[in-house]
Amino acid sequence: MKKSDKTPWMDAADYGRSLKGFGVNLLYADVKRAVAFQRDVLGADVVYDDVDFAVMRHDGVEWMLHADHTYRDNVLAGTAEGVEVRGQGVELRLHNVDPDAVEARARDGGYTVLAGSMDKPHGTRECVIMDDEGYVWVADAPLPTG
């Protein structure tokens, strides 16, 4: 059930046909709050957002956010509603983002920092943050070589 009366930035069918490769769609009770976290804390760009749906982008990669209420006719209908923590066991990694800056913004915003910024043996510096609905985001940047 669509709640927004905002004119979409493009036709839904045209957008669907434009998708390539691998995609991620995250279900949220509050899309606007999720957009704010991903924009203000993670530094992602907002391609489009309304109360029903959003498209986010970082470093050439796009992902979608859908409100729970838009999934009434979907096979996943009801699977997320009332669930306190979503995405358990999944890390959503945003590469080429300053983890120290992301961590600071997350702390300032009152988000849960599961692991503060640290250099990892696999060649990145990263931090691990949980958003309001339990999705775990890892912001990382490559360590200098040498």
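Two exercises on the strands and helices of this predicted model follow, each with a worked solution.

Residues are numbered from 1 along each chain as its sequence is written. In this predicted model, local features need pLDDT of at least 70, side-chain atom pairs count only at pLDDT 80 or more, totals for chains, interfaces and linings use all residues, and side-chain values use heavy atoms, with hydrogens and water left out.

**Exercise 1.** Determine the strand order of the open sheet that holds strand 1, and place helix 2 on that sheet.

Solution. Helices (H or I, at least four residues) and strands (E, at least two) are taken as DSSP runs numbered from the N terminus, and two strands pair if DSSP finds at least two bridges between them. On this basis the four strands have the order 1-4-3-2 with mixed pairing. Strand 1 (25–28) and strand 2 (45–49) are the edge strands, each pairing on one side only. Next, helix 2 (residues 31–40) packs on the sheet and touches strand 1, strand 2, strand 3 and strand 4 (61–67), where contact means heavy atoms within 4.5 Å. Its direction makes about 155 degrees with that of strand 4, given axes fitted to C-alpha atoms (for helices over the stretch in contact) and angles from 0 to 180 degrees between N-to-C directions.

**Exercise 2.** Describe the open sheet that holds strand 6, and the pairing of strand 6 with strand 7.

Solution. The order is 5-8-7-6, again with mixed pairing, and the edge strands are strand 5 (91–95) and strand 6 (112–119). Strand 6 pairs with strand 7 (residues 124–130) in the antiparallel sense over five bridges, and Thr-112 stands opposite Met-130 in strand 7.
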